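Please open the model in your viewer and keep the sequence panel beside it. The tour below suggests what to select at each stop and says what is to be found there.

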Amino acid sequence: IFDTSRFNYVKIVVAWIRRTGVQVISQRLREFLSYSPDNWVDVTFGCGFGGTSSEAVRDLLKIGEECDGQLRLRAYLQPRGTFHPKIYYAQQTDGDIAVAIGSSNLTGAALMGDNSESLLLLDSNDLNDDTPLHDIDDYIDYLNDEDSLEYVIRVQNEQSIEQLKKKKFLSSEKKLRKAAKRTKNRSNRGRSRISSLRTILGLPSLSSLSLIHISEPTRQEAI
């Protein structure tokens, strides 16, 4: 999303985390954290609908342990509604700020898969007024206030993960894969319904439409 070499603090706030998403960024996380003891990462994740897997959280916890605790994990157990932000924030102390905000959770489907996602990248170098970026930082700090908000849980060890899973805040990758398979089957049926609808409306069939290839922007080595 952005070049982390400019920054020493990264904050990730997402609704869901899957192991595939952690795998996408794990190498860059390790490189970023090992570069300096002053580099930190905060990850805050939601647990709505059991959309975060215990294995993904465990993988992030392991990275934090490997890097002297420079990665901190928090579960946001919103009691009503759904915790649904997707924010990737990076800052150099008293310096540059970059924020990517949009629809991408920390999952392989969102970052590298078939999902249609969007992220808006805001960079203090491109703005005359970076006040909105500081407002986003204040919002993240509010979400991470584990001393004031009872539903913010610091994930510090395996026991934390097991208790979150026992209370059904976390799911297993196996369970989530089964749910994804059911969704894929519904998508396939949905395509049949779309084809039928296009025929009824007198529109060209899907198979006769030319595919429009849109070149993707070059992927930078970034988180």
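The stops run from the sheet to the helices and end at a pocket.

This is a predicted model, in which local features need pLDDT of at least 70 and side-chain atom pairs count only at pLDDT 80 or more, while totals for chains, interfaces and linings use all residues. Residues are numbered from 1 along each chain as its sequence is written, and side-chain values use heavy atoms, with hydrogens and water left out.

Begin with the open sheet of seven strands, whose order is 6-5-4-1-2-3-7 and whose pairing is mixed. Strands (E, at least two residues) and helices (H or I, at least four) are DSSP runs numbered from the N terminus, and two strands pair if DSSP finds at least two bridges between them. At the edges, strand 6 (119–123) and strand 7 (152–155) each pair on one side only. From one strand to the next the twist averages 15°.

Select strand 1 (residues 9–14) and strand 2 (residues 40–46) next; they run parallel and are joined by six bridges, with Ile-12 opposite Val-43 of strand 2.

Move on to strand 4 (residues 87–91) and strand 5 (residues 97–102), an antiparallel pair joined by five bridges. They form a hairpin with five residues between them, and Asp-94 in the turn has a positive phi of about 55°. Ile-101 of strand 5 is the bridge partner of Ile-87, and Ile-101 also has Leu-120 in strand 6 as a bridge partner; strand 5 and strand 6 pair in the antiparallel sense over five bridges.

Now show helix 2, which lies across strand 2, strand 3 (71–76) and strand 7 and runs at about 150° to strand 3. Axes are lines fitted to C-alpha atoms, for helices over the stretch in contact, and angles run from 0 to 180 degrees between N-to-C directions; contact means heavy atoms within 4.5 Å.

Add helix 1 (residues 19–35), which packs against helix 2 (residues 54–66) at an angle of about 10°, with the axes 10 Å apart. Among the residues making this contact are Val-22 and Leu-29 of helix 1 and Leu-60 and Ile-63 of helix 2.

Finish at the second largest pocket (on a 1 Å grid over the protein atoms alone, an open set of points where a 1.4 Å probe fits, with protein on both sides within 12 Å along at least five of seven lines). Its lining (residues with an atom within 4 Å of a point) has 20 residues, of which Arg-18, Thr-107, Ala-109, Asn-115 and Ala-180 lie nearest the centre. Helix 6 gives the most to this lining, with seven residues.
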